[in-house]
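Subject: A structure for you to explore

Hi,

Here is the structure I promised to pass on to you. Please open it beside this email and follow along as you read.

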Amino acid sequence: MFRGNGAATEFLALDMDSSGNALAGGTSSSSSIVSSSATPNAFLVYFDSTGTVKWSVAFDNVYNEIRAIAFSTDGTKAAVMSDVESGSQTKAFLIILSPLL
């Protein structure tokens, strides 16, 4: 199971590959998900086809939230779109994860 400690946590993006593995992301202020006190921060979690968490990562002090996720057609990599606020501007970043495991 993947959950926070009661602080605000939102899953905002999800994709599943053809084998049933899922990559989910969002934003959290939970100290059990993100370690930075400057929150909220983006996080990603990778579930295998049985729902077991294989890995998770928090982007402390870098990105605010994960906005979109897409697996490649062969399931070997994923594209993740995130954002960060800089002053009055919001900037988007694309992260390519390869390999996933």
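A good place to start is the largest nonpolar core, which has 14 residues. Those with the most contacts inside this core are L23, L44, F59, I66, I69 and V80. Four elements each give two or more residues to the core: β3 (41-47), β5 (65-71), β6 (78-86) and β7 (89-97). There is also a second, separate core of seven residues, and A22, I33, V34 and F47 are among them. Keep in mind that this is a predicted model.

Try clicking on I66. Setting aside neighbours within four places in sequence, I66 is in contact with several residues, including L12, A42, L44, F59 and V80.

Next, the strands. One open sheet has four strands in the order β1-β2-β3-β4, paired antiparallel. Its edge strands, β1 (9-16) and β4 (53-59), each pair on one side only. From one strand to the next, the twist averages 20°. Strands of a sheet pair through backbone hydrogen bonds. Between β1 and β2 (residues 22-28), seven bridges join the antiparallel strands; for F11, the bridge partner in β2 is G26.

Finally, the rings. How many aromatic pairs does a search of the whole structure find? It finds three. In one pair, Y46 and W55 are stacked, 5.6 Å centre to centre with 5° between the planes. Y46 counts as buried because its relative accessibility is 4%, under the 20% cut-off. W55, at 23%, is partly exposed. Ring pairs also bring F71 into a cluster with Y46 and W55.

Enjoy exploring!

Terms used:
Residues are numbered from 1 along each chain as its sequence is written. This is a predicted model: local features need pLDDT of at least 70, side-chain atom pairs count only at pLDDT 80 or more; totals for chains, interfaces and linings use all residues. Side-chain values use heavy atoms; hydrogens and water are left out. A nonpolar core is a set of buried Ala, Val, Leu, Ile, Met, Phe, Trp, Tyr and Cys residues joined through side-chain atoms within 4.5 Å. Buried means under 20% relative accessible area, exposed over 50%, partly exposed in between (1.4 Å probe, protein chains only). Contact means heavy atoms within 4.5 Å. Two strands pair if DSSP finds at least two bridges between them. Axes are lines fitted to C-alpha atoms, for helices over the stretch in contact, and angles run from 0 to 180 degrees between N-to-C directions. Rings of Phe, Tyr and Trp (its six-membered ring) pair if their centres lie within 6.5 Å; planes under 30 degrees apart count as stacked, over 60 as edge-to-face and the rest as tilted.
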